[in-house]
Amino acid sequence: MKTTTTKPTGEVRHDVFILEEKESPCDDLLKKIFCNVNMHLAWRQVRKNNGAAGVDGMEVSDFGDFAFTNWNSIYSKLMEGTYRPSPVRRVEIKKDDGGKRPLGIPTVLDRVIQQAIAQQLRNLWEPTFSEHSHGFRPGRSAHHAVTGVVKASKKERKFWAVDCDLKSFFDTVDHDVLMSKLRAKISDERVLKLIWLYLKAGVLLQTDKYEETPEGVPQGGPLSPLLANILLDDLDRELEKRGHTFARYADDFIILCRSRRAAQRVLENTTKYIEKRLKLIVNQTKSKICLLRESSFLGFTFRTGKLRWTEKSQQRFKANIRKLTRRNRGVSPSKVMYDLANYIRGAVNYYGIGLQVQEAEALDRWIRRRVRLYYWKQWKGHAHAGEIY
């Protein structure tokens, strides 16, 4: 039962799911998902991630008051199996190759529900996931994946790489194949039905046209990364059974081999497995075999046995710096410096392991020149406008 406490005007309500009530352990997975403790953790994570509004226009800051009033009725629908997720809102972001990547933004309510589902399913699958899987897992990161490749290559003397690209992975996931993987550990049909409804919820395009989703899991929802790992766990197990050395981060993976001939055979066999058993599409034009030092993985390359960030990563970094320090951004200099500092901090945290000292120093000088040029242009603009004399 909810209390009748009030919150200060303008603040985000945090006390939606009360933690004081004692909930006895149970084997009912659906009740575990929507118990107050799990929902409180899910809401806290969604608040932390923030993000844009879904099709209903509700912002994260508004959800607390909405849930405080409506959660009891929503909970009843979830337990009765009558709840229906909203379609995701389609947005597109630019890719490095000039194309666009579609994202699906669920409503805040559906984000909280998906997060709650993901937290409980992770308890079932996480202990059994492969050691070679690094994406969207606690205590693992892209750095673990790329450093693992370097260590394995040196230890096992494998210097050929199989770069197998999955074409539009998140948009082409076969729902029936995925559901069969979920049934291996989930016996609660109500949970399976709810996940199925999320897969079939559809998309509201930017033109306000509704589009069905006969396949795929929308990038943008908290549940999608876990579902991807569950589906691709079979690939991990197959590669392990065949004795391959590899690393996977979500749908990006690289396999190491000792010779070009072995790499060619591995690519052919892996492609057959992916397309026949998982019903995914291998991009034949982007998949390739090459020397490890000529390959790239998660924005890094492996020159002379050491990690370096790729040329494409460097170009993207500089392009973003130029974009942030444009004079005509229409924001204050303090905002420019704030955004610039945040971006540089994030980029260095990620790419720092692939940066040499001399390279870092050169980049630092280049960035400082960009900042001085930005302030010089700002000063000239104000002077010409008659503000400085």
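This briefing describes selected features of the structure shown above. The model is a predicted one. It includes an open sheet of three strands, in the order 9-10-11 with antiparallel pairing. Helix 5 packs on this sheet. Two helix pairs are also described, helix 2 with helix 3 and helix 11 with helix 12, followed by three individual residues.

**The three-stranded sheet**

- The strands of the open sheet follow the order 9-10-11, and their pairing is antiparallel. Strand 9 (296–297) and strand 11 (306–309) are the edge strands; each has a single partner strand, so one side of each lacks a neighbour in the sheet.
- Helix 5, which spans residues 142–156, packs on the sheet and touches strand 9, strand 10 and strand 11. The direction of helix 5 makes about 15° with that of strand 10.
- Strand 9 and strand 10 run antiparallel and are joined by two bridges. Within this pair, F297 stands opposite F300 of strand 10.
- Strand 10 (residues 300–303) pairs with strand 11 in the antiparallel sense, over four bridges. Among the bridge partners, T301 is matched with R308 of strand 11, and R303 is matched with K306 of strand 11.
- In a regular strand, side chains alternate between the two faces of the sheet.

**Hairpins and positive phi values**

- Most residues other than glycine have a negative phi. The residues in this group depart from that pattern, with R157, L298 and T304 each having a positive phi.
- The hairpin of strand 9 and strand 10 has two residues between the strands, and L298 takes a positive phi near 60° there. L298 counts as buried because its relative accessibility is 15%, and the cut-off for a buried residue is under 20%.
- Strand 10 and strand 11 also form a hairpin with two residues between them. In its turn, T304 has a positive phi of about 50°.
- R157 lies in the loop between helix 5 and strand 3 (160–163), and its phi is near 60°. R157 is exposed, because its relative accessible area is 56% and the cut-off for exposed is over 50%.

**Helix 2 with helix 3**

- Helix 2 (residues 36–49) and helix 3 (residues 60–80) pack at an angle of about 160°, and their axes are 10 Å apart. Helix 2 is therefore roughly antiparallel to helix 3, since angles over 145 degrees count as such.
- The contact is formed by M39, W43, V46 and R47 of helix 2 together with V60, F63, G64 and W71 of helix 3. By class, these residues are six nonpolar, one polar and one charged.
- The crossing of helix 2 and helix 3 is right-handed.

**Helix 11 with helix 12**

- The axes of helix 11 (residues 311–324) and helix 12 (residues 333–351) come within 10 Å and cross at roughly 170°. Helix 11 and helix 12 are therefore roughly antiparallel to each other.
- Helix 11 contributes S313, R316, F317, N320, I321 and L324 to the contact, while helix 12 contributes V336, D339, L340, Y343, I344, A347 and Y351. The contact has nine nonpolar, two polar and two charged residues.

**A buried asparagine**

- N229 is found in helix 9 (residues 224–241). Its relative accessibility is 1%, so N229 counts as buried.
- Leaving aside residues up to four places away in sequence, N229 touches F129, S133, G135, F136, R137, R248 and A250.

Key: Residues are numbered from 1 along each chain as its sequence is written. This is a predicted model: local features need pLDDT of at least 70, side-chain atom pairs count only at pLDDT 80 or more; totals for chains, interfaces and linings use all residues. Side-chain values use heavy atoms; hydrogens and water are left out. Two strands pair if DSSP finds at least two bridges between them. Contact means heavy atoms within 4.5 Å. Axes are lines fitted to C-alpha atoms, for helices over the stretch in contact, and angles run from 0 to 180 degrees between N-to-C directions. Buried means under 20% relative accessible area, exposed over 50%, partly exposed in between (1.4 Å probe, protein chains only). Angles under 35 degrees count as roughly parallel, over 145 as roughly antiparallel, 65 to 115 as roughly perpendicular and the rest as oblique. Ala, Val, Leu, Ile, Met, Phe, Trp, Tyr, Cys and Pro count as nonpolar, Asp, Glu, Lys and Arg as charged, and the others, Gly among them, as polar. A crossing is left-handed if the near helix is turned anticlockwise from the far one by less than a right angle, and right-handed if clockwise.
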